[in-house]
Every structure is written in structure tokens, then in C-alpha cells.
Amino acid sequence: MTVHVVATGGTISSHFTPNSDGGGEWSNLTGRQLLDEQGFTDVVVHDVASGPSSNLSITDMVAIAEHVRGCFDGGATGVVVVHGTDTLDLSAYVTHLLLGGSRVLGPVVFTGSMRVHSDPEPDGPANLRDAVAVASSPIVSGVVACLNGVVHDAPYLNKRTAAAVHAFDSFPFRPIGHVVDGAFVADSVRRSVGPAATGFAHEVALVSCDPGIDTDDVRRAISGRRGVVVEGFGDLNIPQRVWGPVYEAASNGAMVMVASRVFTPTLSNEGLELLGVVGAGGLPAQKAMVLVRAALASTASLAEAYDFAKAHALGHPEEDVLR
């Protein structure tokens, strides 16, 4: 097995060195330094970025995916992406859309940490060791994330807290596996993936509904956009005062997707059909926005864009849903 590591910075590489005056200095360790600390001298490391992942654009995330593709072209059998946790789930999803399933030649494992490298009890070293183990596994494929000993399929991955090491889950689905004694152990079957993305459009707006949302504000925010994601409530319910602008956008040829701040697998219902829009199929709003960008850039018509998005809904065997 030949594992490559694409290092992009993040908390896992952030180190504070105190000085005698009571202050200190922050620095970023390279991927090579992180891997050498764990004894992985035979792993090929590509340091491609540093700093917080909250600064990454969709273009930056595509570049990370292209680095991953380059690793496989260069002989890698598995790839680990070291990434900041703020946008790890989004970057992993971008890579999944471009390279997921049979489109990638081996496992791609995103990892990071919630505690800095200089923390008295850092979680980064264990996460890195586990990620290399998963990337070395012959039974893992596609784009996944490994954090806190748990392995998640990229489309289902969500960050739930910024205040604990167990920050990520696949709720309401089970993770696909765990790392036990340095080896990947599967917990559930891998899900199917939709068609590949060829790019990501930029003319997409995200509107999050709140109890005070104003009709005119929504109309201004989405006017002239090729794509729109509206984050609503519950089972894709949005305030009545938003119906008009949403219907207008859809009638004018925009791709409109409604997501929710809670999980719901809904793709379509009577209300969505009347508005001429589609549900996010279980994706949270920011991932739905990534999907709309991909759908618009990867298809030749609005109908094809909707079909592309529907194919990426989080359909799943009922018995694998947590209750």
C-alpha cells in the first residue's frame, strides 16, 4: 500500500510556543512534520496549504480534490487529506462529488483535530494514525472522514459541535465504520453515489429563513441568480411571505432547492411542487448549496440539473437509520 497525505493546515497543525515573558508565538507545522512525529516516514506528503479552513473558497476545495486526483495518478493506493474542521465536511463533499465512488482509485480519508497540536491532550495524532490506517484498508473506497476513531461517508458527515473532540457524526445514519486496534472495521454498507460533478457554478444564493424574514429582502438576495438554496424549518416548510420570491425565481428559470435546519429526507411534496422547487433530500443547507453549484455546472439544462441533484439525495436502507 502506498499512502499519500495532502496537508492543508487547520487546527491539527497549529502550535503555540510560550516564551519567558508569558506570551508566545503561533506557528503551523507542515504535513511532513506531523507525519514524522508519528513515525510515518514512508508516507508521501504534499503540503499544499496552511491556515484555517474557514478561509477556503469553493475554488480552494476543488484544488484540494485535484491534488487528491494527482496523488492517485502518481501511484497512491490511498490518500489522507489533513484539513481544518470548520469546513472539513464541505471540502470532503466537494471531493466526493468530483471523485467519489468508482471515480476514485482508492480510499480518500479526510481528518483533522479539534485541539491544537500543542494542547496537553491533542486529538490530532490519534486521528492522523487512524486516517492512515483507513487509507491503507483494502475494504474502504470513496471519500470518507475519520475523526475520533469513527469513519463517516462524506455525504452524511456533519460537524455538530465546536466544543468537543467528538464533533462529527452521520446523524441520523450510522457511521460506516470504526478504527479498532489500528484497523478499519466496517459497521454498515457503503451507499451508492450519484453522477460526477465537472465543476461548480458561482451564481448561487443561500437564504436562511428566520421568524423576522422580509419578503423584499429575499427577493433582492435571489434576484438574477442561477441557483437558490432556501433553508427552512422542519419538513421543508418556509414562511408564506417567502413563497412569492421563491416561486418567481423558479418561474424565471433558477434552480431552487429547499433545505432544512433539521434532517428530513424529503425531495418533493405538494407544497414544493406548487412552488416549482425541489427538496434537499437530507442535505443541510450549506451542502445543498455545494450540490446546486455542482448540478448547474455539470449539466446542460435545468431539468438535467434537477435530476443530477435528486440522484445525490441521501437515500438509505431503513434499517440503517438511528432511532
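**Pockets, an open sheet and a buried threonine**

The largest share of the lining of the second largest pocket comes from α8, which supplies 4 residues. The model analysed here is predicted. This second largest pocket has a volume of about 150 Å³. Its lining consists of L56, S57, I58, M61, T87, L90, Q286, M289, V290 and R293. Two or more of these residues come from each of α2 (58-73) and α8. By class, the lining holds 6 nonpolar, 3 polar and 1 charged residues.

The largest pocket has a volume of about 420 Å³. A total of 29 residues line this pocket. Nearest its centre lie N158, K159, R160, P284 and A285. Two or more lining residues are given by each of α3, β9 (158-159), β15 (255-260) and α8 (285-298). Helix α8 again appears as a contributor, giving the most to the lining of the largest pocket with 3 residues. The lining of the largest pocket divides into 15 nonpolar, 7 polar and 7 charged residues. Helix α8 thus gives two or more residues to the largest pocket and two or more to the second largest pocket.

Strand β15 also belongs to an open sheet of 4 strands. The strand order is β13-β14-β15-β16, and the pairing is parallel. β13 (204-208) and β16 (278-279) stand at the edges of the sheet. Each of these two strands has a single partner strand, so one side of each is left without a neighbour in the sheet. The edge strand β16 runs parallel to β15, and 2 bridges join the two strands. Within β16, V278 is the bridge partner of M257.

Helix α3, one of the elements lining the largest pocket, spans residues 88-99 and includes T95. T95 has a relative accessibility of 0% and therefore counts as buried. The cut-off for this class is under 20% relative accessible area. Beyond its neighbours within four places in sequence, T95 is in contact with A65, G100, V108, F110 and V143. T95 also has V62 in its surroundings: their C-alpha atoms are separated by 7.0 Å. Along the chain, T95 and V62 are 33 residues apart.

Technical notes:
Residues numbered from 1 in each chain as written. Predicted model: local features only at pLDDT ≥ 70, side-chain atom pairs only at ≥ 80, totals over all residues. Heavy atoms only, no water. Buried < 20%, exposed > 50% of the residue type's maximum accessible area, 1.4 Å probe, protein only. Contact = heavy atoms within 4.5 Å. 1 Å grid on protein atoms, 1.4 Å probe; cavity = no way out; pocket = protein on both sides within 12 Å on 5 of 7 lines; lining within 4 Å. Points joined across faces, edges and corners; volume = space filled by probe spheres on them. Nonpolar A, V, L, I, M, F, W, Y, C, P; charged D, E, K, R; others polar. Pairing = 2+ DSSP bridges.
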